[in-house]
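Reader: I have a protein model in front of me and would like to learn how to read it with care. Could you take me through it feature by feature?

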Amino acid sequence: MAKQSNLAHRKLVTAAFLVVGAALAAAALGSCCVGKYPISLQEIGRILTGGEVEEMTRRVFWNLRLSRTAMAVLSGAGLGLAGAVYQIIFKNPLASPDIIGISSGANLGAAAAIVAVSGAMATVAAGAFLGGLLAVAMVMLLVRATRSLSTSTYVLAGIIISAVANAMIMLLKYYADSDSELAAIEYWTMGSLASVTASKVLTILPFWLVGFGGLLLLHRQVGLLSLNEEECRMLGVRLRPIRRVILLLSTLLVSSVVSVTGLISFTGLIAPHIARVMIRRQNTQTMVLSALVGALVLLIADILARSLYAAELPLSILTTVIGVPVLLWFMCKRKGEIA
């Protein structure tokens, strides 16, 4: 009976990965085709095989569409994996990258760069990246000062840092120029892939690879952090250094993404839920599937952002529209479980 159950689960997992993988490949192709300058699949085929095609089409594909599609995949996968890790180690199904202040720190860093330095994308990206890392460093210092190993201490420290960061952002908005700087801050907080280029993707790729690869390599340790403190001590696991490394890797991953895309809502929250529904487990496979689902969600949102209206919509509007039904379903499910 147990063997049959394991076999059925393996088939379920295989089917889930095949379905999401196929949908992701289709969405990536669609992302390369859709835009103000449409490109057909036949033209993409000729570009890849060295066939004859208009020079403008070739430039749009290599310089804009491919970079944007790659960034959407990297961003969605990074946010999906980070969300799964946070939900596991904090034992909270509503955990997301902003639970320990990463999003607020990145937002503050970007706002400070816009107001104090310049609105250039490179400056804003650097400010957001440093802001996210600094926020988590402050969280670590607060936790160390309390001498507590509890996950709730990290959450409380994240709330404190987020509150301070949000207050400073409001102060920066108050002094920002209403014609340019304020609009730039607001637009950055809604997320977009409109300004993505190949150079930006290559710039953040090493940081993304370290964060993403490190979390996958430490998947067993992530699973151990889902146990309670007494069980970890009985297994001889040192909670504090493992948790610090995992939080730093996830911060590096999320910060590398938001430094280019801006803040993107809900992707890191809903991707793990969809993955768990599909394979009915919470393990390493769920983490990987969460990354694939996150990439798929962000690709779909980006395609819609480019195609629904003449003016491109911010990504967070579309990811919120996708994410709210998932959260409503989760609320109904939890209500049924409680009842």
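Author: What follows is a walk from the whole chain down to single residues, and please keep in mind throughout that this is a predicted model.

Reader: How many helices and how many strands does the protein have?

Author: A good start is to count the elements and then to read their order along the chain. Here the count gives 14 helices and zero strands, and from the N terminus on the order is α-α-α-α-α-α-α-α-α-α-α-α-α-α.

Reader: What radius of gyration does the protein have, and what would a compact globule have?

Author: The idea is to set the value of the model beside the one expected from chain length. For 339 residues a compact globule would have a radius of gyration near 20 Å, and the protein, with 21 Å, agrees with that. Along its principal axes, the C-alpha trace spans about 65 × 60 × 40 Å.

Reader: What share of the residues is buried, and what supplies the exposed area?

Author: A residue counts as buried when its relative accessible area is under 20%. By that rule 47% of the 339 residues are buried, while the protein exposes about 16,400 Å², of which carbon and sulfur atoms supply 67%.

Reader: Which contacts should I look at if I want to know how parts of the chain meet?

Author: Look at how far apart in sequence the partners are. Among contacts between residues at least 6 apart in sequence, 75% join residues at least 24 apart.

Reader: Where do the buried residues of helix α7 lie around its axis?

Author: One first lists the buried residues and then looks down the helix. In α7, residues 181–190, the buried ones are Glu-181, Ile-185 and Trp-188. Seen down the axis they fall within an arc of 65°, so they line one face of the helix. After α7 comes Gly-191, which has a positive phi, near 75°.

Reader: Is Ser-162 buried or exposed, and what does Ser-162 touch?

Author: For a single residue, read its helix, its accessible area and its partners together. Ser-162 sits in helix α6, residues 151–175, and is buried, because its relative accessible area of 11% is under 20%. Leaving out residues up to four places away in sequence, Ser-162 touches Asp-98, Gly-101 and Ser-104.

Reader: Which residues are in contact with Ser-256?

Author: The reading goes step by step once more. Ser-256 belongs to helix α11, residues 239–261, and is buried, with a relative accessible area of 1%. Apart from neighbours within four places in sequence, its contacts are Phe-129, Ile-204, Phe-207 and Trp-208.

Conventions: Residues are numbered from 1 along each chain as its sequence is written. This is a predicted model: local features need pLDDT of at least 70, side-chain atom pairs count only at pLDDT 80 or more; totals for chains, interfaces and linings use all residues. Side-chain values use heavy atoms; hydrogens and water are left out. Helices (H or I, at least four residues) and strands (E, at least two) are DSSP runs, numbered from the N terminus. The radius of gyration is taken over C-alpha atoms; the globule rule is 2.2 Å times the number of residues to the power 0.38. Buried means under 20% relative accessible area, exposed over 50%, partly exposed in between (1.4 Å probe, protein chains only). Contact means heavy atoms within 4.5 Å. Accessible areas come from the Shrake-Rupley method with a 1.4 Å probe; for residues, only the protein chains shown count as cover. The arc is that of the directions from the helix axis to the C-beta atoms.
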